[in-house]
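I opened this notebook to record what I looked up in the structure. The entries follow the order of my reading.

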Amino acid sequence: MSALFAASTSNEEAFVHTIQDLKAGYKKFRSGAYAEQTDQYRELGTGQDPDVMVISCADSRVEPAEIFAANPGQLFVVRNVANLVHARDADQTAHSVASAVEFAVTALKVKHIVVLGHAACGGVKACLSAGNGQPIGEFIAPWVEALDATRDQVLASSPADPQTALEHAGVGTSLDNLMSYSFVRDAVTAGTLELHGAWFNIGPGELSWRDPKTGEFSLFDA
Ligand SMILES: [Zn+2]
């Protein structure tokens with residue numbers, strides 16, 4: 001593990017294993033990134049005005065700001081297991097994703113929401129496992145149930161790679177579910193908000209973009 005990212009992080013302080021590592025990292029942030037961008041941070045301290053929201057997995061390998069080379073203040077990010085948006089449920093209003101989307105759309109007035117899936121997603125794997133009669137976790141299993149219908153549809157077509165097929169289709173499901181919220185629907189209809197799907201392949205570091213018409217993913221041409 002210690003050899004990973006050796007080229008971009010030149011000393012051992014960059015590896016975070018303990019609280020001491022976190023403290024060392026913070027020290028490095030203060031003398032490095034913060035010192036270099038003090039003015040930007042001071043300005044951000046007075047408010048945020050991001051144009052893009054990203055809904056990403058909690059997976060430690062999928063870092064939206066890193067993938068999109070974005071600075072603090074530029075991406076409004078919510079992360080959860082399997083980058084899911086659940087369809088609106090009037091009975092469950094205390095909902096992390098819905099509240100973040102509501103704030104992003106109605107207060108920040110973001111112009112784009114990107115649902116960012118990824119390869120080797122443990123949450124998607126858990127949904128496939130539940131489909132085989134082996135649900136995982138007290139909280140994970142009910143959370144990833146949002147993909148059950150999608151999973152069954154995907155498996156009905158006997159894909160060569162069910163994991164990737166469900167990762168792709170799951171992004172589409174979350175995009176569909178976003179439209180179950182009236183503030184999203186209204187903004188999309190008004191043309192002030194666009195919804196996008198993407199999928200990150202961790203090993204090769206490649207991003208695929210979702211075609212909204214076909215639901216197919218193709219390599220994003222950087
Ligand atoms: Zn994941």
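Domain bounds, as I use them here, come from an automatic or database domain assignment. For the protein chain I noted domain 1 (1-36) and domain 2 (48-219). Taken over C-alpha atoms, the centres of domain 1 and domain 2 are 29 Å apart.

I recorded that this is a predicted model, in which local features need pLDDT of at least 70, side-chain atom pairs count only at pLDDT 80 or more, and totals for chains, interfaces and linings use all residues. Residues are numbered from 1 along each chain as its sequence is written.

I checked pLDDT, the predictor's confidence in each residue, from 0 to 100. The protein chain averages 93, and 94% of the residues score at least 70. Over residues 1-10 pLDDT stays under 50. Where pLDDT is low, the predicted coordinates should not be read in detail.

I then turned to helix α8 (helices are DSSP runs of H or I, at least four residues; strands are runs of E, at least two; both are numbered from the N terminus). Helix α8 covers residues 162-178. I found 12 of its 17 residues buried, so α8 is largely enclosed by the rest of the structure. Buried means that 20 or more other C-beta atoms, placed from the backbone, lie within 10 Å of the residue's own. Among the buried residues of α8 are H168 and N177.

Last, I looked up the largest nonpolar core (buried Ala, Val, Leu, Ile, Met, Phe, Trp, Tyr and Cys residues joined through C-beta atoms within 7 Å). This core has 41 residues, and M53, I55 and L116 have the most contacts inside it. Helix α8 gives the most to this core, with 6 residues.

Technical notes
The expected span of a helix is 1.5 Å times one less than its number of residues. Two residues are in contact if their C-beta atoms, placed from the backbone, lie within 7 Å.
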